[in-house]
Every structure is written in structure tokens, then in C-alpha cells.
Amino acid sequence: MNLVRDAAEVYDLKGLNCPLPVLKARKRLAGMKPGACLWLETTDPLAAIDIPAFCAEQKHRLVETRVVPGGHRFLIERGAG
């Protein structure tokens with residue numbers, strides 16, 4: 001059991017194509033407190049490149065990436081910025 005993973009909200013971005021997953025994730029994370037975590041669920045193959053790049057650029061921490069049937073799940077911890 002991991003409290004960070006268990007307490008994180010899930011944001012369903014399945015069916016959205018680039019750049020929408022990143023744009024929607026940016027907006028959702030902006031409304032969260034630093035240190036809060038969010039799972040993103042995506043089906044866009046480019047999200048495997050875009051989400052890690054977005055996290056690095058915006059100083060969020062990419063805690064975990066999972067390949068799941070039909071897409072990816074990303075656990076992001078909101079940065080202080």
C-alpha cells in the first residue's frame with residue numbers, strides 16, 4: 001500500500017490526442033497544491049513523450065509511468081512553481 005498512489009486523483013484523458021492531454025493536465029495541476037499527486041490516464045501514444053517532457057519543463061515530478069492496455073498511466077506530483 002502506498003499512500004501517495006492511493007490518495008491521488010485520477011484524471012481520465014483517454015481518447016484525447018496531442019496536445020490536449022498536456023494542456024488539460026497543465027490546467028488541472030495549476031489548481032492543485034504543491035506536493036499533491038495526480039494520475040493521468042491517456043491513450044495518445046505521444047503522451048509517453050509529451051507528459052515526461054511537460055513534467056521536466058514545469059518542474060513537476062513524474063513519480064511513476066505505467067503501460068496499460070490501450071495507453072499509459074502517469075503519476076505526477078505537482079511542483080512548487
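Two strands are taken to pair if DSSP finds at least two bridges between them. In this predicted model, strand β3, which spans residues 61-68, pairs with β4 in the antiparallel sense over 7 bridges. Strand β4 also supplies at least two residues of the largest nonpolar core, and Arg-73 in β4 is linked with Asp-12, Lys-14 and Glu-41 in a network of salt bridges.

**The β3–β4 hairpin**

- β3 and β4 form a hairpin with 2 residues between them, and Gly-70, which lies in the turn, has a positive phi of about 85°.
- Within this pairing, the bridge partner of Thr-65 is Phe-74 in β4.
- Glu-64 forms a salt bridge with Arg-66, the closest N and O atoms being 2.5 Å apart.
- Glu-64 counts as buried because its relative accessibility is 16%, and buried means under 20%.
- Arg-66, by contrast, is partly exposed, with a relative accessible area of 33%.

**The largest nonpolar core**

- This core has 14 residues, of which Leu-29, Leu-38, Leu-40, Ile-51, Phe-54, Phe-74 and Ile-76 touch the most other members.
- At least two residues of the core come from each of β1 (9-13), α2 (20-30), β2 (37-42), α3 (47-58) and β4 (71-77).
- Among these elements, α3 gives the most to the core, with 4 residues.
- Leu-40, leaving aside residues up to four places away in sequence, touches Tyr-11, Leu-13, Ala-25, Ile-51, His-72, Arg-73, Phe-74 and Ile-76.
- Phe-74 thus appears in this account as a core member that touches the most other members along with six others named above, as a contact of Leu-40, and as the bridge partner of Thr-65.

**Salt bridges**

- The model has 6 salt bridges, and Asp-12, Lys-14, Glu-41 and Arg-73 are linked in a network of such bridges.
- Within the network, Arg-73 forms a salt bridge with Glu-41, the closest N and O atoms being 3.1 Å apart.
- This pair links distant parts of the chain, given that Arg-73 lies in strand β4 and Glu-41 in strand β2, 32 residues apart.
- Both Arg-73 and Glu-41 are buried, and Arg-73 is also one of the residues that Leu-40 touches.
- Asp-12 forms a salt bridge with Lys-14, with the closest N and O atoms 3.8 Å apart.
- Asp-12 counts as partly exposed because its relative accessibility is 45%, and Lys-14, at 45% relative accessibility, likewise counts as partly exposed.

Definitions and conventions
Residues numbered from 1 in each chain as written. Predicted model: local features only at pLDDT ≥ 70, side-chain atom pairs only at ≥ 80, totals over all residues. Heavy atoms only, no water. Core = buried A, V, L, I, M, F, W, Y, C linked by side-chain atoms within 4.5 Å. Buried < 20%, exposed > 50% of the residue type's maximum accessible area, 1.4 Å probe, protein only. Contact = heavy atoms within 4.5 Å. Salt bridge = Lys/Arg side-chain N within 4 Å of Asp/Glu carboxyl O.
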